[in-house]
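Subject: Structure handover

Hello,

Here is the structure I said I would pass on. Please open it beside this email and follow along as you read.

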Amino acid sequence: MKLTGTCPKCGSTDVHPALHSNTNNIRPVEGRSSDTVYTTHYVCRSCGYVEEWVKPEETPLLQRNFPQK
Ligand SMILES: [Zn+2]
């Protein structure tokens, strides 16, 4: 939805960015809290589907915080 502006579930274009919440973040399964990467969301007002993305400014941290096994 972020890239297309269209909901992949219902086809609606009634898609909106949603405010960041501190409860919405990710980190590696065995990672430390300092490895947390913050996310943002897009919500479809028509069907309620929510899409989650790592914030653009945080994507460089994915290489460091989510190392290859
Ligand atoms: Zn939808």
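What follows is a description of the chain as a whole, then of its strands, and then of four single residues.

Please keep in mind that this is a predicted model.

The whole chain

The chain contains one helix and four strands. Going along the sequence, the order is β-β-β-β-α, so the helix comes after the strands.

The radius of gyration of the chain is 14 Å, whereas a compact globule of 69 residues would have a value near 11 Å. The C-alpha trace spans about 40 × 20 × 20 Å along its principal axes. Of the 69 residues, 4% count as buried. Among the contacts with a separation of 6 or more, 50% are between residues 24 or more positions apart.

How the strands pair

Which strands pair with β3? Three pairings can be listed, with β1, with β2 and with β4.

- β1 covers residues 15-18, and its pairing with β3 is antiparallel, over four bridges. One place to look is V15, whose bridge partner in β3 is C44.
- β2 covers residues 25-26, and it also pairs with β3 in the antiparallel sense, here over two bridges. In this pairing, I26 stands opposite V37 of β3.
- β4 covers residues 50-54, and it is joined to β3 by five bridges, again antiparallel. Y42 has E51 in β4 as its bridge partner.

β3 and β4 also form a hairpin, with five residues between the two strands. In the turn sits G48, which has a positive phi of about 90°.

When you look at these strands, one general point may help. Side chains in a regular strand alternate between the two faces of the sheet.

Two residues in the strands

T39 lies in strand β3, which runs over residues 37-44. Is T39 buried or exposed? The answer falls in between: T39 is partly exposed, because 15 other C-beta atoms lie within 10 Å, while a buried residue needs 20 or more and an exposed one has 12 or fewer. Leaving aside neighbours within four places in sequence, the contacts of T39 are N24, N25, I26, E52, W53, V54 and K55. Of these, I26 belongs to β2 (residues 25-26), and E52 belongs to β4 (residues 50-54). K55 is 16 residues away from T39 along the chain, yet their C-alpha atoms are separated by 5.1 Å.

A18 is found in strand β1. A18 counts as partly exposed because it has 13 C-beta neighbours inside 10 Å. Which residues does A18 touch, not counting those up to four places away in sequence? They are H41, Y42 and V43. A18 and E51 are 33 residues apart along the chain, and 9.7 Å separates their C-alpha atoms. E51 is the residue named above as the bridge partner of Y42, and Y42 is one of the residues that A18 touches.

Two residues outside the strands

P8 is placed in the segment before β1. P8 has 10 C-beta neighbours inside 10 Å and therefore counts as exposed. Between the C-alpha atoms of P8 and D35 there are 30 Å, with 27 residues separating the two along the chain.

Q68 is placed in the segment after α1, the helix at 59-65. Why does Q68 count as exposed? The reason is that Q68 has 4 C-beta neighbours inside 10 Å, and the limit for exposed is 12 or fewer. The C-alpha atoms of Q68 and L19 are 30 Å apart, and the two residues are 49 apart along the chain.

If you want a place to start, find T39 in β3 and go from there to its contacts, including N24 and W53.

Regards

Technical notes. Residues are numbered from 1 along each chain as its sequence is written. This is a predicted model: local features need pLDDT of at least 70, side-chain atom pairs count only at pLDDT 80 or more; totals for chains, interfaces and linings use all residues. Two residues are in contact if their C-beta atoms, placed from the backbone, lie within 7 Å. The radius of gyration is taken over C-alpha atoms; the globule rule is 2.2 Å times the number of residues to the power 0.38. Two strands pair if DSSP finds at least two bridges between them.
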